[in-house]
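This report was prepared for a reader who wishes to examine the fold, the packing and selected residues of a protein model. The sequence and the coordinates are shown first.

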Amino acid sequence: PKSIDLDTVKQMVDTALEKGFTYFDTAFPYHLQCSETAVGKVLVARHPRNSFLLADKMPPWEIKTRADYPRIFEIQKKRCQVSYFDFYLLHSLGVQNDKIMEETGGYDFLLHLKKTGQARAVGFSFHDQPEVLDRILTRHPQVDFVQLQVNYADMDRTTIRSRDCLNVAKQHGVPVIVMEPVKGGGLAAPGEKIASLFHASAPNASPASWALRFAASQPGVYLVLSGMSTMAQMTDNINTMENFKPLSEKEEKVIQAVQQVIKDSTAIPCTACRYCTDGCPQKIDIPKLFSLYNMVEQFGDQNYPMMHYSRAIAESGRARDCIACGQCEAHCPQHIPIIQMLQKVSQQFDG
């Protein structure tokens, strides 16, 4: 995660700006705290400050006292080489992190940043149930936006409920920034059955383009974020969004058919955010093992899943090594019963 190809990122940043895409998103923990520094080098140091919008996030899990807010914020400004952020968020709010923010003055600090011009717009990213979102927005109507996980696979998934969260934001009149529109890249390669449905409707459109257009077509959406690792991915995204067209009624029906396929085949709704892995005492690569398990559930023995499992455990723990300490479940934004699922993975692969 610390290995960032700065030359490629420079090329991607320059291309995005040339095409009129100006919003860049980073956060304190990304790439093991190397993302902000990379942003400072490839974006801020090389382009006029008024030519782009930069978003950063305050990590609730790093907060112990009120003094931690200005300390971390100063670190972020220094890393990014800025005096202010255009968008600033409290990171990954849910019941636990909201409690931390309430008890330590996180929302007050957010408004202080806006009042003093150190953040132009303030909000939070959210990973929890819509009832929790409603409570937060009711208590803090001053926020300018909320960042939600929205993609066609998670609209009605019980652990995420994107549709209901969108409705809550709409009821409060809060614009939505979409994250995970391609579900961590999973919807860019959704499998042969889904790909064939998309291809039959639009032979020249990539699966990722369908995912982006779905997210951008939702009411109340202000902006759609997309994580990109290659110029090919960026080119595809630019082609999709440069002359954006909302999904037609016919295309909506294609999405509905795809959603049914996913509902029937996905066993573990992991987005591979990797929040679960940093503190795992057994060094289990939980997202990778879940991905392999889903692959078996969706595609049988295609693509040699046992071979991939052997490679995965060569550098990390087996599923059966789980000691049920629970730290992973405490950090999972999707609220997956990880311990129970690892037992299933172990039954599948460990014998």
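The account below proceeds from the whole chain to the packing and then to individual residues.

**Overall architecture**

The model is predicted. It comprises 16 helices and seven strands. The radius of gyration is 20 Å, close to the 20 Å that the globule rule gives for 351 residues, so the protein is as compact as a globular protein of that length. Measured out along the principal axes, the C-alpha trace spans about 55 × 50 × 45 Å. Of the 351 residues, 51% are buried. Among contacts with a separation of 6 or more, 74% are made by residues 24 or more positions apart.

The protein exposes about 16900 Å², and carbon and sulfur atoms supply 51% of this area. The side chains include 37 positive and 38 negative ones. The centres of these two sets lie 2 Å apart.

**Nonpolar cores**

The largest nonpolar core contains 73 residues, of which Leu43, Leu54, Phe124, Phe126, Leu148 and Tyr152 touch the most other members. Helix 10 (residues 207-216) gives the largest share of this core, seven residues. Another core, of 23 residues, lies apart from it and has Val296, Ala312, Ile336 and Ile338 among its members.

Phe124 illustrates the surroundings of one of the core residues named above. When residues up to four places away in sequence are not counted, Phe124 touches Leu89, Leu90, Leu93, Leu133, Ile136, Leu137, Val143, Phe145, Val146 and Gln147.

**Helix 3**

Helix 3 spans residues 35-44 and is mostly covered, as eight of its ten residues are buried. The buried positions are Ser35, Glu36, Ala38, Val39, Gly40, Val42, Leu43 and Val44. They pack against three helices and two strands, as follows: helix 1 (6-18), helix 2 (30-33) and helix 4 (68-80), together with strand 1 (23-25) and strand 2 (53-58). Leu43, a buried residue of this helix, also appears among the core residues that touch the most other members.

**Selected residues**

Three residues are set side by side in the table, with their location and relative accessibility.

| Residue | Location | Relative accessibility |
|---|---|---|
| Leu187 | loop between strand 6 (176-179) and helix 9 (192-201) | 4%, buried |
| His31 | helix 2 | 39%, partly exposed |
| Lys283 | loop between helix 12 (249-265) and helix 13 (286-299) | 56%, exposed |

Why is Leu187 classed as buried? Its relative accessible area is 4%, and the class of buried residues is defined by a value under 20%. Leaving aside neighbours within four places in sequence, Leu187 is in contact with Asn151, Tyr152, Ala153, Pro181, Val182, Pro207, Ala208, Ala211 and Ile262. One of these partners, Tyr152, is also named among the core residues that touch the most other members. Leu187 and Thr26 are 161 residues apart in sequence, and their C-alpha atoms are 22 Å apart in space.

The other two residues in the table merit attention for their backbone geometry. His31 is not a glycine, although its phi is positive, at about 50°. This residue belongs to helix 2, and its relative accessibility of 39% lies between the cut-offs of 20% and 50%, so His31 counts as partly exposed. Lys283 likewise is not a glycine and has a positive phi, of about 55°. Lys283 is placed in the loop between helix 12 and helix 13, and its relative accessibility of 56% is over 50%, so Lys283 counts as exposed.

How values were computed: Residues numbered from 1 in each chain as written. Predicted model: local features only at pLDDT ≥ 70, side-chain atom pairs only at ≥ 80, totals over all residues. Heavy atoms only, no water. Rg over C-alpha atoms; globule rule 2.2 N^0.38 Å. Buried < 20%, exposed > 50% of the residue type's maximum accessible area, 1.4 Å probe, protein only. Contact = heavy atoms within 4.5 Å. Areas by Shrake-Rupley, 256 points an atom, 1.4 Å probe, with all protein chains shown as cover. Lys, Arg positive; Asp, Glu negative; His and termini not counted. Charge placed at Lys NZ, Arg CZ, Asp CG, Glu CD. Core = buried A, V, L, I, M, F, W, Y, C linked by side-chain atoms within 4.5 Å.
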